Amino acid sequence: MSTEPRPVYVIGAGPGGLAAAAALRARGVRAVVVEKADEVGASWRGHYDRLHLHTTRRLSALPGLAMPRRFGRWVSRDDVVRYLEKYADFHELEIVTGVEVTRIERAAPEAAGPDPAAAGGKPARRRRVRRSRAAAAADPGWLLHATGGRVLAARAVVVATGFNHTPALPDWPGREAYAGRLLHARDYRNPGPYAGQDVLVVGAGNTGAEIAVDLAEGGAARVRLAVRTAPHIVRRSTAGWPAQRTGILVRRLPVGVVDRLGRAVARVSVPDLSAYGLPRPSTGLYSRVREGAIPVQDVGLVDAVRAGRVEPVAAVASFDGGEVVLADGSRIAPDAVVAATGYRRGLEGPVGHLGVLDGRGRPLAHGPRTLRQAPGLHFTGYTNPISGMFREMALDADRIAAALSRHLGIRPPGKGRREDAGLPGTGLPPVDPLA
């Protein structure tokens with residue numbers, strides 16, 4: 001039997017997976033990233049052209065590598081991809097592309113090798129006492145079943161396949177017989193193909209709102225936005241103060257307090273669009289966040305609605321030939337329908353049998369926390385916090401690495417000396433090789 005220590009496998013080479021691998025490497029834990037696409041940042045490469053981070057450059061850096069100033073305050077999609085590529089190179093991450101993990105399961109006890117570093121283990125959520133290397137070695141770890149008949153033996157696993165994994169297209173009655181063009185927002189790139197056309201965008205989240213504005217500014221003859229539940233709209237930045245910083249400050253406050261604060265801020269910063277068919281929500285901002293609905297950051301929607309370039313309409317109820325039937329009974333006949341109707345996490349196949357998901361397919365434990373029945377199995381990137389997803393994945397990366405180093409009985413190199421890099425994470429200096 002081989003005595004080569006098994007690595008920690010990180011599934012997904014997006015920002016969450018790369019950050020976790022870098023943080024593990026900084027603690028002396030070998031991490032191998034497995035990515036089903038051929039390149040890192042596959043999800044970001046597939047987003048629409050106009051997309052920029054809604055969080056600031058300074059608060060979106062991953063552990064150990066700052067984003068270059070020339071990327072600007074709101075980093076574009078292409079620059080995010082460039083940053084992820086450089087991040088992987090800078091941290092010298094081990095990445096295997098073109099391999100998809102289809103199932104994760106606990107290894108049999110005899111699968112554990114004799115090397116004490118070949119770890120696994122039964123964690124305790126708040127335990128501070130470092131596990132012994134012998135105890136770590138006793139845990140069999142995990143087996144990953146992957147394409148090509150591969151079976152990978154892991155000391156532990158970090159799942160980071162992404163919040164926006166599997167497009168969710170509602171099963172509207174008559175959808176299959178619709179005579180126009182129907183596509184999910186994942187397949188939208190830019191307004192060029194829709195010049196002079198009547199387009200309906202379904203879904204008033206950040207993606208739907210931005211695509212509607214993109215179409216209106218890019219030459220579509222008419223743009224309507226189907227709204228099921230009126231969203232909270234916030235300014236991306238007010239007097240230089242980004243909404244993300246407010247989100248960081250208030251996320252630990254009581255829900256009712258933040259709801260009241262949100263109403264007060266909205267009254268003075270965002271015009272009332274009720275006359276245009278987009279009323280202020282009756283439910284508080286943070287109450288909606290706790291339900292999974294992030295506020296829409298205004299990147300042109302308010303002005304487009306007030307100018308009549310984007311027309312809010314009722315939610316889609318069904319399709320009928322070439323027409324779309326709306327919830328208020330009205331009918332429209334757009335040339336194309338872009339469904340910005342969200343994504344599923346897509347975790348049921350790999351881990352659904354382990355009892356680690358809730359009824360909506362989301363991990364029951366996230367970041368450094370694990371469940372008793374799944375020691376050494378971590379998830380990152382499956383929440384959408386108002387404080388910024390990149391920021392939270394960066395924080396999660398270091399927390400996961402700390403938890404796993406304890407779990408595996410590994411003493412981090414240079415323990416007791418921790419430099420403050422000004423970034424959440426590994427303590428590596430925030431150098432900028434892209435500048």
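Before you start, one term: a helix axis here is a line fitted to the C-alpha atoms, over the stretch in contact, and angles between axes run from 0 to 180 degrees between N-to-C directions. Bear in mind that what you have open is a predicted model.

**Stop 1: α1 and α3**

Select residues 15-26, helix α1, and residues 77-90, helix α3. Their axes come within 10 Å and cross at roughly 20°. Angles under 35 degrees count as roughly parallel, so α1 and α3 are roughly parallel to each other. The crossing of α1 past α3 is left-handed.

Now turn on side chains. From α1, show Pro 15, Leu 18, Ala 19 and Ala 22; these meet Leu 84, Tyr 87 and Ala 88 of α3.

**Stop 2: α1 again, with α11**

Keep α1 and add residues 389-407, which is helix α11. This pair packs at an angle of about 35°, and the axes are 8 Å apart. Here α1 passes α11 in a right-handed crossing. On the α1 side, pick out Pro 15, Gly 16, Ala 19, Ala 20, Ala 23 and Leu 24. Their partners in α11 are Phe 390, Met 393, Ala 397, Asp 398, Ala 401 and Leu 404.

**Stop 3: along α3**

Go back to α3 and check its length. Its 14 residues should span 20 Å at 1.5 Å a residue, and the end C-alpha atoms are indeed 20 Å apart. Colour the buried residues: Arg 77, Asp 79, Val 80, Val 81, Tyr 83, Leu 84, Tyr 87 and Ala 88. They pack against α1, α2 (42-45), β3 (94-97) and α11. After α3 comes Glu 92, with a positive phi near 50°.

**Stop 4: Arg 77**

Zoom in on Arg 77 in α3. Is Arg 77 buried or exposed? Buried means under 20% relative accessible area, and Arg 77 has 11% relative accessibility, so it counts as buried. Which residues is Arg 77 in contact with, leaving aside neighbours within four places in sequence? Select Trp 44, Arg 45, His 47, Tyr 48, Asp 49 and Leu 51.

**Stop 5: α7**

Finish at residues 255-269, helix α7, whose 15 residues reach 21 Å from first C-alpha to last, close to the 21 Å expected. Show Val 258, Asp 259, Gly 262 and Ala 266, which are buried. They cover an arc of only 100° around the axis, so they sit on the same side of α7. Rotate to the other side of α7 for Arg 260, Arg 267 and Val 268, which are exposed. Last, add α6 (243-250) and α8 (285-290), against which the buried residues of α7 pack.

Definitions and conventions. Residues are numbered from 1 along each chain as its sequence is written. This is a predicted model: local features need pLDDT of at least 70, side-chain atom pairs count only at pLDDT 80 or more; totals for chains, interfaces and linings use all residues. Side-chain values use heavy atoms; hydrogens and water are left out. Helices (H or I, at least four residues) and strands (E, at least two) are DSSP runs, numbered from the N terminus. The expected span of a helix is 1.5 Å times one less than its number of residues. Buried means under 20% relative accessible area, exposed over 50%, partly exposed in between (1.4 Å probe, protein chains only). The arc is that of the directions from the helix axis to the C-beta atoms. Contact means heavy atoms within 4.5 Å. Angles under 35 degrees count as roughly parallel, over 145 as roughly antiparallel, 65 to 115 as roughly perpendicular and the rest as oblique. A crossing is left-handed if the near helix is turned anticlockwise from the far one by less than a right angle, and right-handed if clockwise.
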